[in-house]
Amino acid sequence: MTSAILQREEEAPVVAAARAALYLRVSTGRQAESDLSIPDQRRQIEGYCLARGWEVAEVFVEPGNTATDDRRPAFQAMIDMALEKPPAFNVIVVHSFSRFFRDQFQFEFYIRKLAKNGVKLVSITQDLGDDPMSVMMRKIMTLFDEYQSKENGKHTLRAMNENARQGFWNGARPPIGYRIVEAERRGAKIKKKLEVDPIHAETVRMIYRMALNGVGNQGPMGLKAIATWLNENNIRTRDGGRWGLGAVHQVLTRTTYIGQHRFNTRDHKTKAPKPESEHAIMEVPPIVTEAEFEAVQRSLKARSPKMMAPMAVGGPTLLTGICFCACCGGAMTLRTGTSSVGREYRYYTCSTKARQGKTGCPGITVPMDRLNEAVIDHLESRLLDPKRLASLMDQIIERRDEWVDQRRLHVAHLERRATEAEAKLKRLYDAIENGVLDMGDPSLKDRIAELQAVRDQARGDADRAVSHIEKIGPVITAESLRAFAVTAKKRLRNDDGTFARDHVRAVAQRVEVLSKTQVRICGLRSELLRTLTAASGVEAAVLGVRSFEPKWRARNDSNVRPSDS
């Protein structure tokens with residue numbers, strides 16, 4: 001008996017000499033602010049250590065950090081101290097294993113890493129040993145903690161998506177041009193929404209105006225030009241900082257500014273974009289019109305390096321990227337020369353001939369000023385003549401009007417379906433109210449659900465069809481054609497006598513040099529219609545979307561223009 005007692009006393013000091021580090025964690029900032037969970041964890045863990053005679057060496061508090069990864073400041077500080085030689089403590093005590101990690105793989109990774117340095121992890125509510133059965137139980141517990149964390153995250157995300165769909169703000173900083181306001185109270189919860197911030201909203205509108213028309217209607221501006229202008233004119237961001245390309249691009253591409261803020265667009269861990277079907281659309285007050293937004297998107301795509309060569313977008317030459325040699329199809333590029341008296345000359349020259357010589361292409365060289373003037377003169381006198389425009393656009397406008405008429409008939413049909421379903425539902429409700437039908441009948445519930453689905457589907461399809469029709473733009477009349485022609489002619493030339501390159505490309509997309517005296521100007525009627533529609537609806541003839549190798553309308557008719565006239 002005495003020997004057995006002595007044997008137990010000899011084994012006890014191994015645990016009694018332990019130096020413990022306390023790790024206290026809650027998942028959210030709101031839990032940390034409530035100041036309930038962390039003090040309770042600390043009280044229980046300190047009592048556990050006191051009962052075993054362990055010395056509390058360090059306390060690490062993690063207020064408002066998830067345990068699904070190791071990106072936690074206090075956690076990393078604790079691990080660093082535990083891996084020192086020798087460690088500052090030999091036991092880490094937590095309330096439960098879920099406080100340490102909610103990822104089973106990383107949990108085991110850090111357990112083994114600590115064990116190599118003689119540090120053990122102890123849970124006061126899940127007291128397990130080191131035997132194989134205890135190790136298996138610990139792995140099952142941590143695997144369940146990981147599953148529970150993912151399930152909680154899924155339910156939380158679903159609730160946040162629904163909150164956004166109802167028009168309420170889920171948190172984080174609002175986009176520039178908006179501010180957060182209290183909308184309503186539901187018990188202790190405060191529901192918030194976004195409203196337009198009048199000061200910064202004007203900056204957003206200014207950025208859109210510059211993207212569409214430029215400063216003083218000098219033509220659309222790119223991201224760099226907009227950012228430079230804002231910084232030079234001391235128009236700062238919300239924080240008082242300078243504008244960059246990313247900030248301007250975000251303003252010009254965010255659907256929030258047309259009243260549709262998108263929530264749940266990226267995975268919170270990997271940052272990978274999610275499919276649009278998973279986005280939650282939150283309605284907010286719009287700052288710009290949908291027509292302005294769509295026009296800017298077309299302009300951005302046209303300027304994208306994926307759609308057109310960067311030099312053709314940003315270069316100073318009028319016809320760069322749209323001027324081609326009719327003999328070989330090669331691009332006409334700018335070449336310069338200097339006379340004996342020092343005068344500089346600029347020419348458009350066939351790039352194939354410049355690279356391969358006359359064996360590659362006989363080549364054509366045309367003075368830049370003369371070709372530019374010939375193209376502008378032709379656009380002003382021929383293409384932008386109202387009668388010429390009417391003859392070019394007759395067929396495509398007619399097809400467009402037919403399509404709109406068909407869609408309007410479809411909308412009327414959908415609205416009739418919705419009205420009929422609503423009338424049937426009303427009759428069923430009246431019959432139930434008058435006691436004619438039994439509400440407990442399962443077939444009745446199925447019929448009501450079916451009619452509601454038909455009504456809601458028809459209304460949704462009708463709304464989408466109407467929205468599509470509205471995107472087509474305003475009706476084009478003879479008067480709007482004349483107004484467009486007058487405005488476009490003015491915009492082809494800048495006040496200083498130079499040419500407005502973006503406006504030229506909005507109405508003509510390809511220039512083919514046939515000889516030193518003839519050029520052919522080509523373009524798509526659909527592009528011209530899009531430019532005309534944009535000009536009618538947004539007061540801007542912005543560029544359409546083009547690729548490196550578009551399919552052009554090649555006709556050797558009145559588009560052929562002598563270059564020396």
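1. Proline 86 sits in the loop that runs between α5 (73-82) and β3 (91-94), and in this predicted model the peptide bond leading into it from lysine 85 is cis, with omega near -10°. Most peptide bonds are trans, which is the reason for listing this one at the head of the note.

2. Two asparagines deserve a look for their backbone angles, since most residues other than glycine have a negative phi. Asparagine 234, in the loop between α10 and α11, has a positive phi near 60°, and asparagine 264, in the loop between β7 (260-263) and β8, has a positive phi near 65°. Their surroundings can be stated as well: asparagine 234 counts as exposed, because its relative accessibility is 56%, whereas asparagine 264 is buried, with a relative accessible area of 10%.

3. The largest nonpolar core of the model comprises 34 residues, and those with the most contacts inside it are Tyr208, Ile226, Trp243, Leu252 and Tyr257. At least two residues of this core come from each of α9 (198-212), α10 (223-232), α11 (245-253), β8 (280-283) and α12 (290-303), with α9 giving the most, namely eight residues. In soluble globular proteins, nonpolar side chains tend to be buried together.

4. Isoleucine 226 illustrates how the parts of this core meet: once its neighbours within four places in sequence are left aside, isoleucine 226 is in contact with Ile207, Met210, Ala211, Met221, Val248 and Leu252. Apart from this core lies another, of 31 residues, which includes Leu318, Leu481, Val507 and Val513.

5. An open sheet is formed by three strands in the order β10-β11-β12, with antiparallel pairing. Its edge strands, each of which pairs on one side only, are β10 (332-338) and β12 (365-367), and neighbouring strands are turned against each other by 35° on average, direction ignored. Strand β11 (residues 344-350) is joined to β12 by three bridges, the two running antiparallel, and tyrosine 348 stands opposite valine 366 in β12. Helix α15 (residues 368-383) packs on this sheet, where it touches β10, β11 and β12, and its direction makes about 80° with that of β12.

6. On the cysteines, a search of the whole structure finds zero disulfides. Cysteine 328 is in no disulfide, and the nearest cysteine sulfur, that of cysteine 350, is 3.5 Å away. Why is the pair not counted as bonded, given a sulfur separation of 3.5 Å? That distance is too far for a bond, because a disulfide requires the two sulfur atoms to be within 2.5 Å. The two residues can also be described by their accessibility: cysteine 328 counts as partly exposed, at 35% relative accessibility, while cysteine 350 counts as buried, at 0%.

7. A last point concerns isoleucine 140, which is found in helix α8 (residues 132-165). Is this residue buried or exposed, or does it fall between? At 47% relative accessibility, isoleucine 140 counts as partly exposed, because that class lies between the limits of 20% for buried and 50% for exposed. The C-alpha atom of isoleucine 140 is separated by 8.8 Å from that of glutamine 104, although the two residues are 36 residues apart along the chain.

Notes:
Residues numbered from 1 in each chain as written. Predicted model: local features only at pLDDT ≥ 70, side-chain atom pairs only at ≥ 80, totals over all residues. Heavy atoms only, no water. Core = buried A, V, L, I, M, F, W, Y, C linked by side-chain atoms within 4.5 Å. Buried < 20%, exposed > 50% of the residue type's maximum accessible area, 1.4 Å probe, protein only. Helix = DSSP H or I, 4+ residues; strand = E, 2+ residues; numbered from the N terminus. Contact = heavy atoms within 4.5 Å. Pairing = 2+ DSSP bridges. Axes fitted to C-alpha atoms, helices over the stretch in contact; angles between N-to-C directions.
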